Amino acid sequence: MKTRTTRQWSVFYAYTAWSVVLIQAIFPLGVLLAFGTPVPALLAEAPAATAVLIVQMVVGAWSGHRALALWSAAALPEARDR
């Protein structure tokens, strides 16, 4: 029998999921800034590399969201501690 998600769990999941998605989406920009690469200049000089960066950000955010969705939908173990 599957239990319903409580409000407390859904709020925890929402904050966790969106935090992970945000971090995965913004991390590549942080790396560029750490190396001193201005993003507008990168777009002008290397549009293909910028497109690959954007695709990587979207795929990273989507995969993080999907992984958390699958994790939250998994069945709980029968014997668990509180």
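**Exercise 1. Place Trp9 in the predicted model, classify its exposure, and state which surface feature Trp9 helps to make.**

Solution.
1. In this predicted model, Trp9 belongs to helix α1, which covers residues 7–34.
2. The relative accessibility of Trp9 is 30%. Buried requires under 20% and exposed requires over 50%, so Trp9 is classed as partly exposed.
3. Together with Phe12 and Trp71, Trp9 makes a nonpolar surface patch of about 320 Å².

**Exercise 2. Describe the secondary structure and the surface of the protein chain.**

Solution.
1. The chain has three helices and zero strands.
2. Along the sequence, the order is α-α-α.
3. Of the 82 residues, 18% are buried.
4. The accessible surface is about 6,900 Å². Carbon and sulfur atoms account for 70% of that area.

**Exercise 3. Compare the span of helix α3 with the expected value, and list which of its residues are buried.**

Solution.
1. Helix α3 runs over residues 47–73 and contains 27 residues.
2. The expected span is 1.5 Å times one less than the number of residues, which for α3 gives 39 Å.
3. From first C-alpha to last, α3 reaches 39 Å, close to the expected value.
4. The buried positions in α3 are Thr50, Leu53, Met57, Gly60, Ala61, Gly64, Leu68 and Ala69.

**Exercise 4. Thr50 lies in helix α3. Is Thr50 buried or exposed, and which backbone atoms does its side chain approach?**

Solution.
1. The relative accessible area of Thr50 is 5%. Because the limit for buried is under 20%, Thr50 is buried.
2. Leaving out residues up to four places away in sequence, Thr50 touches Leu42 and Leu43.
3. At Leu42, the side chain of Thr50 reaches the backbone oxygen at 3.3 Å.
4. At Leu43, the backbone nitrogen lies 3.5 Å from a polar atom of the Thr50 side chain.
5. Polar contacts are counted within 3.5 Å, and the distances to compare with that cut-off are 3.3 Å for Leu42 and 3.5 Å for Leu43.

**Exercise 5. Locate Trp62, classify its exposure, and relate its position to that of Gln24.**

Solution.
1. Trp62 is found in helix α3.
2. Its relative accessibility is 58%. Exposed means over 50%, so Trp62 counts as exposed.
3. In sequence, Trp62 and Gln24 are 38 residues apart. In space, the C-alpha to C-alpha distance between Trp62 and Gln24 is 9.0 Å.

Notes
Residues numbered from 1 in each chain as written. Predicted model: local features only at pLDDT ≥ 70, side-chain atom pairs only at ≥ 80, totals over all residues. Heavy atoms only, no water. Patch = residues over 30% accessible without salt bridge, like charges linked within 9 Å, V, L, I, M, F, W, Y side chains within 5 Å. Areas by Shrake-Rupley, 256 points an atom, 1.4 Å probe, with all protein chains shown as cover. Salt bridge = Lys/Arg side-chain N within 4 Å of Asp/Glu carboxyl O. Helix = DSSP H or I, 4+ residues; strand = E, 2+ residues; numbered from the N terminus. Buried < 20%, exposed > 50% of the residue type's maximum accessible area, 1.4 Å probe, protein only. Polar contact = N/O pair within 3.5 Å; in protein donor to acceptor, adjacent residues only side chain to side chain. Contact = heavy atoms within 4.5 Å.
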